[in-house]
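Subject: Handover of a structure and the findings on it

Dear colleague,

Please find below the structure that I am handing over to you. My findings follow it, set out from single residues to the whole chain.

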Amino acid sequence: MTANIEIDPGLLDSAVEILRDAQSYYEADACALLRLDSPEARDLAQARLQMAKKADELLFFFAKQ
């Protein structure tokens, strides 16, 4: 389902910047966690990578606006 919504360009730019920062943070955090080499750290790293993927999906969505 596609909805046409008006988004303030300044707000959109801010959202994109925040999502890029979040994506970078989650990816860096996942890399640091993987260096710990424990099952718990791997599970948490996987969760961080999923969050990075969601941020990437949102960036793609906003890029189409």
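A residue is called buried when its relative accessible area is under 20%, exposed when that area is over 50%, and partly exposed in between. Please note also that this is a predicted model.

With that cut-off in hand, I begin with Gln23, a residue of helix α1. Its relative accessibility is 15%, so Gln23 counts as buried. Setting aside residues up to four places away in sequence, Gln23 touches Ala52, Ala55, Asp56 and Leu59.

The overall fold may be stated briefly. The chain contains 2 helices and 0 strands. Its radius of gyration is 15 Å, whereas the globule rule gives 11 Å for 65 residues; the value is well over that figure, so the chain is more spread out than a compact globule. Measured out along the principal axes, the box filled by the C-alpha atoms is roughly 45 × 25 × 10 Å. Of the 65 residues, 23% count as buried.

How do the helices lie relative to each other? Two packed helices are described by the angle between their axes and the distance between the axes. Here, helix α1 covers residues 9–36 and helix α2 covers residues 39–63. Their axes come within 8 Å and cross at roughly 160 degrees. An angle over 145 degrees counts as roughly antiparallel, and α1 and α2 are therefore roughly antiparallel to each other. The crossing in which α1 passes α2 is left-handed. As for the residues of this contact, 19 are nonpolar, 1 is polar and 6 are charged.

Which residues does Arg48 contact, once its neighbours within four places in sequence are left aside? They are Tyr26, Asp29, Ala30 and Leu33. Arg48 itself is found in helix α2. The C-alpha atom of Arg48 is separated by 24 Å from that of Leu12, which is 36 residues apart from it along the chain.

Two further residues may be taken together. Ala28 has its place in helix α1, and Lys53 has its place in helix α2. Ala28 has a relative accessible area of 46% and is partly exposed; Lys53, at 47% relative accessibility, also counts as partly exposed. These two residues are 25 apart along the chain, and their C-alpha atoms are separated by 13 Å. For Lys53 and Gly10, which are 43 residues apart along the chain, the C-alpha separation is 24 Å.

The loop between α1 and α2 holds one residue to look at in the viewer, namely Asp37. Is Asp37 buried or exposed? At 58% relative accessibility, Asp37 counts as exposed. Its backbone should also be mentioned: Asp37 has a positive phi of about 55 degrees although it is not a glycine.

Finally, a word on contacts along the chain. Among those between residues at least 6 apart in sequence, 63% join residues at least 24 apart.

To recapitulate, the predicted model has 2 helices and 0 strands, and α1 and α2 are roughly antiparallel to each other.

With kind regards

Notes
Residues numbered from 1 in each chain as written. Predicted model: local features only at pLDDT ≥ 70, side-chain atom pairs only at ≥ 80, totals over all residues. Heavy atoms only, no water. Axes fitted to C-alpha atoms, helices over the stretch in contact; angles between N-to-C directions. Helix = DSSP H or I, 4+ residues; strand = E, 2+ residues; numbered from the N terminus. Parallel < 35°, antiparallel > 145°, perpendicular 65-115°, else oblique. Left-handed = near helix turned anticlockwise from the far one by under 90°. Nonpolar A, V, L, I, M, F, W, Y, C, P; charged D, E, K, R; others polar. Rg over C-alpha atoms; globule rule 2.2 N^0.38 Å. Buried < 20%, exposed > 50% of the residue type's maximum accessible area, 1.4 Å probe, protein only. Contact = heavy atoms within 4.5 Å.
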